[in-house]
Number of protein chains: 2
Amino acid sequence: MKISTKGRYALRLMLDLALHDNDAPVRIKDIAARQDISDKYLEQIISSLNKAGYVKSIRGPQGGYKLAKDPSGYTVGMILRLTEGSLAPVACLDDEVNQCDRQETCATLKLWQQLDDAIKSVVDTVTLADLVEWQEEKIDNYVI
Amino acid sequence: MKISTKGRYALRLMLDLALHDNDAPVRIKDIAARQDISDKYLEQIISSLNKAGYVKSIRGPQGGYKLAKDPSGYTVGMILRLTEGSLAPVACLDDEVNQCDRQETCATLKLWQQLDDAIKSVVDTVTLADLVEWQEEKIDNYVI
DNA sequence: TATTATACTACTATTTTACTAGGAATTGCA
DNA sequence: TGCAATTCCTAGTAAAATAGTAGTATAATA
């Protein structure tokens, strides 16, 4: 029941983009350095975000990436589902293909549905804008 | 972010024990047949439940397993954590060893805490007795 | 046209998952 | 007392997922 590095890195990547959103696009190399993540791995992750239209890419010198829309336009769930796949705790909630034949009389199914709802209530509510806000709060309060 | 078979099977196993809780202990073989799960695999799973004192075992002929206490005494979280390990969505919530050095200024940490709370609010609230109840409701309503 | 950046594809070591296999220990019953 | 039924214990293993690395192609800019 762990979120993988892919999902976690994707969130930090998008947050980094949101925090450095001025005119100039942000290079993978810079995100990788700031977030201390392999740039080659980030490249793969951002590639799927790019294909989904979550970020815009600019190639060549002075190139990089920018968010496609305002941070408030992304929920955490959107980003995680794109990189992690489904966030449902069991496969039978994903799609009909994975439903088992005990469906009708399965008591644990109700449990999984409740758990799924609880997860959704967080990931589909919190947006990238919230993360930006929280980040700024944390930085303000953080004194060495 | 999936619950593994180990955790799912453990829940069904415990539910099966709760549903067949009369004087006679329940054999692994019977649970395996009813739940359509490999009995050798169930054996391993119930072994950890036994070591944790969640079930009592009786060896020899007419042996088997029984719940150690009333179904209301087990939360789903207890059973899942024993078999799955931690249910926290990221390792840095598990223990201090896994905390990263960004902890102080990490905005996603707040997200993971909220997600963790949401998960806990379900798994630490629902008990095996609830599953029994749901099961009975389902069976009552299920007409072929 | 050299340089800087993204884009794409393939490969790989490690870990986790989901079991299977085989035998040892215990106990009830004939 | 011995056999059969059951749990107990340990090891092995195929397949999938995870977390990357590596190399080259493509595009844009100065």
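Student: Which helices and strands each supply at least two residues of the surface near DNA strand C?

Tutor: In this predicted model, the surface near DNA strand C draws on both protein chains, and chain A contributes helix H2 (28-35), helix H3 (39-51), strand S1 (55-58) and strand S2 (64-67), while chain B contributes helix H1 (5-19) and helix H3 (39-51). The largest share, 5 residues, comes from H3(A).

Student: How many residues surround DNA strand C, and which are the closest?

Tutor: A residue is counted here if one of its heavy atoms lies within 4 Å of the strand. By that reading 26 residues surround DNA strand C, and the closest are A:Glu43, A:Ser57, A:Tyr65, B:Lys40 and B:Gln44. Of the atoms of DNA strand C that come within 4 Å of the protein, sugar and phosphate account for 59%. Sorted by class, the residues of this surface divide into 7 nonpolar, 11 polar and 8 charged.

Student: Where do polar side-chain atoms lie 3.0 Å from a phosphate oxygen of DNA strand C?

Tutor: A polar contact is a pair of N or O atoms within 3.5 Å, and with that cut-off in mind you can look at A:Asn50, which has a polar side-chain atom 3.0 Å from a phosphate oxygen of the strand, and at B:Thr5, where the distance is also 3.0 Å. For A:Tyr65, a polar side-chain atom lies 2.4 Å from a phosphate oxygen of DNA strand C.

Student: What rotation superposes chain A on chain B?

Tutor: A rotation of 180 degrees, with 0.0 Å of shift along its axis, superposes the two chains with an RMSD of 0.0 Å, which means that they are related by a two-fold axis. To find that axis in chain A, start from A:Met1, whose C-alpha is the nearest to the axis, 2.2 Å from it.

Student: Why can we say that the copies meet through the same surface?

Tutor: We can say so because 100% of the interface residues of chain A are also interface residues in chain B. The contact takes 44 residues from chain A and 44 residues from chain B, and together the chains bury about 3,900 Å², with 69% of that area on carbon and sulfur atoms.

Student: How many salt bridges are there between chain A and chain B?

Tutor: There are 4 salt bridges between the two chains, and one of the pairs to look for is A:Lys2 with B:Asp94, whose side chains meet at 3.4 Å, N to O. On the side of chain A that touches chain B, H5(A) gives the most, with 12 residues, and by class that side has 25 nonpolar, 7 polar and 12 charged residues.

Definitions and conventions. Residues are numbered from 1 along each chain as its sequence is written. Chains are lettered from A and ligands numbered from 1 in the order in which they are written. This is a predicted model: local features need pLDDT of at least 70, side-chain atom pairs count only at pLDDT 80 or more; totals for chains, interfaces and linings use all residues. Side-chain values use heavy atoms; hydrogens and water are left out. A polar contact is a pair of N or O atoms within 3.5 Å; within protein, one must be able to donate a hydrogen and the other to accept it, and residues adjacent in sequence count only if both atoms are side-chain atoms. Helices (H or I, at least four residues) and strands (E, at least two) are DSSP runs, numbered from the N terminus. Ala, Val, Leu, Ile, Met, Phe, Trp, Tyr, Cys and Pro count as nonpolar, Asp, Glu, Lys and Arg as charged, and the others, Gly among them, as polar. Copies are superposed by least squares on the C-alpha atoms of residues with pLDDT of at least 70 in both. Contact means heavy atoms within 4.5 Å. Buried area is the accessible area (1.4 Å probe) that two parts lose on being put together, summed over both.
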